[in-house]
Amino acid sequence: MSIPADTPEEDRKAPLLTDPFSRGLRMVGLAAAALIAAHAIYVAYAGQYVSPEMIRAGAMFTCALIVVCTSPLAANLGLKAPLLVALCWIVDLALLANLGFSCWNFLKKIDDIENLVVQFSSFDQATALIAVLTLLELTRRSFGLVLASVGLITLLYCLFGENLPWIFRHSGFSLELTMEILWFGVQGIFGDPAGIVVLLIFIFIVFGALLEATGAGAVMIRMAIAATAGTRGGPGHAAIIASSIFGMSSGSVVANVVGTGVVTIPLIKKRGFKGAFAGAVEAAASTGGQIMPPVMGAAAFLMVSLAGVPYQLICIAALIPALLYYGNLFVSVELEAARLGLKPTPKDQRQKLEPGDWTKSLMFFVPIGAIIGTLVAGRSPSMAGFWAVIATLVTGFALNAGLRGDPKRILKGLASGGVAGARIMMAVGTIGVLVGVFNLTGLGLKFATQVALLGDQSLFIALLLAAGSCLILGMGMPTLPAYLIIVLVLGLALKKLGVPDLSIHLFVFYFGVLSAVTPPVALAAVAAAPIADAEPVKTGINAMKLSLVGFIIPFVFIFEPQVLLVVEEFDLMAFLWIMFRLLLAIWLLGTSFIGFEVGRLALWSRAIRLAAGFAMIINIWELQVAGVAAGIAMILFESVAARRRLANDTA
């Protein structure tokens, strides 16, 4: 769920500057954001209308302008003194001017570079280096220190890594060669990832922002609350439904947490759940929206480009893992509600749908249908995004009288989408630094070789190493940049293990997404904790426990590819066996973590359930059978014990 344009996500962390000059430049930035969003809509329909280098460099500079104007240095540092604000603006505008010159210089030299007849002066090298550092700084302002620090360390490694040990040692590269690859070529900052964002991803970011601007979000939250009013979990289950719906279209876990959480988290707490658990439910549900087909936070369309797999196959493959993830969340909330002794809300107290809500829900379902229909018809993902935007605008104006009375909300939506896309572009620029350095130094190939050697001894250990690397690389980043950087760094390593391409991409994507609920960073939990008035670390630990199935499933579909449904030789019996084990494991693990089934569970019972749940998903037949047997035995034992307790109570 996208954040409104007048309160972008980062502005919640730093106060806006109120002096006339800063306010004027902010308006310039928002206007540029609305224009680049409109440009994304045009490009989705018309395609690439100029050379790839020109559209990438132009978009990079425009996005940098937007970030500078909407997230100026003075606001980012919390400065208010007029002199300090003025000095910060001088720095910002100087960096922006240098970046503009460097983009122009890149376009000026690109033909000579392709013909290998160019030399770079010291001035060219210096301005390019400052431009690279500017992108790193703008990435820091957009997403914090993690990704920016990784980019800076990678740049320093390229320049000074010839004396490092082991696989990190390289032959040494001059500043000229480094800048030739990172800035003046198409293997670095202006490489394919930047092109994918401009031509494909931007339109879906704009789509998510416009979907929120039409008012579809409020309607779907009301419907989710009404639909789950009869369950014990009530608002907790409503948060799961609402966040899954909007998470898949927003492309930002944190934006989804903030957008839906301000409504659902207070209701979950009012229902009787603790604050840390309420925040964790919202964080886990919002994170899961990124793995839910058909949109998957726009990652499905990025996967089409990177993996070369048809969109329909990606959606089919991702469906059952996503349903299992949300099934586990539903079970966990229900068990926690039962443990707390909560009862369903009485019928006379349940929220009623407002007149016309069912009709207004078409503002969400028609655009999603437009995406699916366009892709099924064989058109490109970007064209699907275009028709989704058109459907959003048409249904919004047709069904929402409030939007017709205040059409400026569409401009705010465009600006919101433009700002979000600009920040993603800064992150992709930093990822371009990593890609260029990895290609130049050969570090990516070296790492892949080491993982492949480890995989010869144990595929599970190699996958465990890859999963840990994904969680680390994805920490502090939004979904799309996290997926991009992880697949570019680890994709080759997993491919060397003999894992199919689609399984590779889904594996790294899952762990990149789940980094949002993995302490110590756990961005989704950090965003949910203040709303829940809870401690961020405790909220993150609870969110991680609620998301446990998400950490398990990627290993399952590597060893048990039947779960993805799109294997060449689908075996129905093998599929039913793994699904039975997974569903039983979800129940056992959920009851183990919550400590409740039909009554409170003893510590030894929880330990056996935990062991049995993990045993039945390990790819060893004897352990699977033993785990199933132990799990069924524990369920039967608890059922008999509960009946005895009931009989004793009534005696």
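Here is a short conversation about salt bridges, burial and one pocket in this predicted model.

Tutor: Residues are numbered from 1 along each chain as its sequence is written, and side-chain values use heavy atoms, with hydrogens and water left out. In this predicted model local features need pLDDT of at least 70 and side-chain atom pairs count only at pLDDT 80 or more, while totals for chains, interfaces and linings use all residues.

Student: What makes Asp192 and Arg56 a salt bridge?

Tutor: A salt bridge is a side-chain nitrogen of Lys or Arg within 4 Å of a carboxyl oxygen of Asp or Glu. For Asp192 and Arg56 the N to O distance is 3.6 Å, so the pair meets that definition. The two partners lie 136 residues apart, Asp192 in helix H8 (residues 192–213) and Arg56 in helix H2 (residues 52–70). Helices here are DSSP runs (H or I, at least four residues), numbered from the N terminus.

Student: Why is Asp192 called exposed?

Tutor: Buried means under 20% relative accessible area, exposed over 50% and partly exposed in between, with a 1.4 Å probe and protein chains only. Asp192 has 52%, so the word is exposed. Its partner Arg56 has 12% and is therefore buried.

Student: Why is Asp501 called partly exposed?

Tutor: Its relative accessible area is 32%, so Asp501 falls in the partly exposed class. Asp501 also pairs with Lys495, their closest N and O atoms being 3.8 Å apart.

Student: What makes Arg581 and Glu560 a salt bridge?

Tutor: Their closest N and O atoms are 3.1 Å apart, so they too fit the definition. Arg581 sits in helix H27 (residues 572–594) and Glu560 in the loop between helix H26 (548–559) and H27. Both residues are buried. Elsewhere, shared partners join Asp92, Glu137, Arg140 and Arg141 into one network. The structure holds 11 salt bridges.

Student: How do you know that a residue belongs to the lining of the second largest pocket?

Tutor: On a 1 Å grid over the protein atoms alone, a pocket is an open set of points where a 1.4 Å probe fits, with protein on both sides within 12 Å along at least five of seven lines, and lining residues have an atom within 4 Å of a point. Here 22 residues line it, with Phe168, Phe438, Leu443, Phe447 and Leu473 nearest its centre. H20 gives the largest share, six residues.

Student: How are the residues of that lining divided into nonpolar, polar and charged?

Tutor: Ala, Val, Leu, Ile, Met, Phe, Trp, Tyr, Cys and Pro count as nonpolar, Asp, Glu, Lys and Arg as charged, and the others, Gly among them, as polar. The lining has 19 nonpolar, three polar and no charged residues.

Notes
Helices (H or I, at least four residues) and strands (E, at least two) are DSSP runs, numbered from the N terminus.
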